Amino acid sequence: PQVIERKNIKQANEIIRTDLKINISSSNPFYPETQQIFPKKVFGLDVIRYQKEEADGILIWTGTVEQSTFINKLKVELLCQNISSTLRKNSLRYSYQNRCNNTQYGSKCGLDLATNSISVVVDAISADGLSITSSGLAVKPDDFYRGGLAYVGDEFRNILSHTTSGGFTTIELDRELGLSVGNSLNTAYGCKLTSTGCKGVNNFENYFGFEYIPSSNPHKTNII
């Protein structure tokens with residue numbers, strides 16, 4: 001059994017307002033399932049209410065897990081949508097923004113994960129397994145790997161920070177990988193999702209942001 005916390009269940013006329021938030025521990029075995037780079041599964045969630053001394057419960061909410069957010073090193077928030085939301089017609093998921101809408105190393109990004117990864121040896125690791133130090137990453141400037149991926153086999157982790165000092169580089173992961181000193185680790189650089197970043201790796205043709213957005217809103221600007 002795992003300890004979880006849920007917010008109050010909302011009742012509203014509009015489907016979008018009946019979302020439910022669940023807090024779980026980052027050590028919960030379900031959390032890694034939601035952190036795949038390109039999730040291939042749909043996860044359902046049922047909330048069942050039990051009364052004392054009754055064997056059967058009552059289903060009070062059912063839906064699907066839509067998003068997971070890493071709150072801190074210990075807590076993860078799951079955003080779940082009511083099952084009725086499946087009746088909604090999903091529109092395009094692109095946003096009118098400067099940052100690229102594509103997922104780095106995804107099919108529409110065009111960058112190959114293996115080609116842009118290097119294998120390094122773990123020289124030191126923190127007690128919680130989140131901070132990893134290696135001399136193999138020292139050739140890159142600070143934050144080069146920030147927003148990138150650290151992985152072993154099919155286990156992927158997000159790189160939250162990247163700093164270099166004294167010939168050694170330390171990266172901070174969102175979750176531990178179960179590594180020890182001497183183990184090998186693959187790292188892929190991060191992308192700032194900007195046109196400049198795409199041009200730097202000759203991938204501007206796959207940049208899907210809107211670089212030239214007007215800074216002033218004509219509907220809010222007085223002509224006279």
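In strand β11 (168–173), Glu-172 is the bridge partner of Ser-131. The model is predicted, with local features requiring pLDDT of at least 70 and side-chain atom pairs counted only at pLDDT 80 or more, whereas totals for chains, interfaces and linings use all residues. Residues are numbered from 1 along each chain as its sequence is written, and side-chain values use heavy atoms, without hydrogens and water.

Strands (E, at least two residues) and helices (H or I, at least four) are DSSP runs numbered from the N terminus; two strands pair if DSSP finds at least two bridges between them. The pairings of β11 are as follows.

| Strand paired with β11 | Sense | Bridges |
|---|---|---|
| β8 (residues 131–134) | antiparallel | four |
| β10 | antiparallel | six |

Ser-165 has Phe-168 of β11 as its bridge partner. Two residues lie between the strands in the hairpin of β10 and β11, where Gly-166 takes a positive phi near 60 degrees.

A nonpolar core is a set of buried Ala, Val, Leu, Ile, Met, Phe, Trp, Tyr and Cys residues joined through side-chain atoms within 4.5 Å; buried means under 20% relative accessible area, with a 1.4 Å probe and protein chains only. The largest such core has 21 residues, and Ile-171 and Leu-185 are among the six that touch the most other members. β9, β10, β11 and β12 each give two or more residues to this core, β9 giving the most, with three.

Contact means heavy atoms within 4.5 Å. Beyond its neighbours within four places in sequence, Ile-171 is in contact with residues including Ile-132, Ile-159 and Leu-185. A second, separate core of twelve residues includes Tyr-31 and Val-76.

Terms used: Buried means under 20% relative accessible area, exposed over 50%, partly exposed in between (1.4 Å probe, protein chains only).
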